[in-house]
Amino acid sequence: MKIRFIALLTALVMMLGMVPAMAEEVTGTAKGFGGDMSLMVGYHPDKTIRGVSIVSHAETPGVGSKVDDATYLSQYEGLSGGLTISKRNDADITSVSGATISSKAIHVAIEQASAALALVQ
């Protein structure tokens, strides 16, 4: 897994004390079915997720693109790292039916963003 350059640069700048210590928005990138998916993850001061926004993706319209839905992304709100994802309702996050790879990509990108946030705190 790779952390986007911008997240690393933000972490470095924060560690040098050039910006306030609390990062509220962090980017994450992961490989989806159609290519890289980039997202912005907003955090509350207690490091729980405030919201998730997909910045870019190349997922199949009508299938993988279903992960770019406010209802799906809202599952992450109020949660923090170490989350589980499943096709069934037995996990923290339920993946989109027919878009498992895209759902997992969102999950990986959010975990990366959370890890980047933890580095600067």
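**Exercise 1. Two tyrosines**

Decide whether Tyr72 and Tyr76 are buried or exposed in this predicted model. Then classify the ring pair they form.

*Solution.*
Step 1. Tyr72 is buried. Tyr76 is buried too.
Step 2. Search the whole structure for aromatic pairs: there is one. Tyr72 and Tyr76 form it, with 6.4 Å from centre to centre.
Step 3. Check the distance cut-off: ring centres must lie within 6.5 Å. The value of 6.4 Å for Tyr72 and Tyr76 fits.
Step 4. Check the angle. The planes of Tyr72 and Tyr76 are 85° apart. Over 60 degrees counts as edge-to-face, so this pair is edge-to-face.

**Exercise 2. A hairpin**

Describe how β2 and β3 pair, and what lies between them.

*Solution.*
Step 1. Locate the strands: β2 covers residues 36–43 and β3 covers residues 49–56.
Step 2. Find the sense. The two strands pair antiparallel, over six bridges.
Step 3. Name some partners. Val41 is bridged to Val52 in β3. Met40 has Ser53 in β3 as its bridge partner.
Step 4. Look at the turn. Five residues separate β2 and β3 in this hairpin. Lys47, in the turn, has a positive phi of about 75°.

**Exercise 3. The sheet**

Work out the strand order, and explain why one side of β1 and of β3 is left without a neighbour in the sheet.

*Solution.*
Step 1. Write the order: β1-β2-β3, an open sheet of three strands with antiparallel pairing.
Step 2. Find the edges. β1 (25–31) and β3 stand there, each with a single partner strand, so one side of each has no neighbour in the sheet.
Step 3. Add the twist: neighbouring strands are turned by 25° against each other on average, direction ignored.
Step 4. Place the helix. α3 (residues 100–120) lies across β1, β2 and β3. Its direction is about 140° to β1.

Key:
Residues numbered from 1 in each chain as written. Predicted model: local features only at pLDDT ≥ 70, side-chain atom pairs only at ≥ 80, totals over all residues. Heavy atoms only, no water. Phe/Tyr/Trp six-rings, centres within 6.5 Å; stacked < 30°, edge-to-face > 60°. Buried < 20%, exposed > 50% of the residue type's maximum accessible area, 1.4 Å probe, protein only. Pairing = 2+ DSSP bridges. Helix = DSSP H or I, 4+ residues; strand = E, 2+ residues; numbered from the N terminus. Axes fitted to C-alpha atoms, helices over the stretch in contact; angles between N-to-C directions. Contact = heavy atoms within 4.5 Å.
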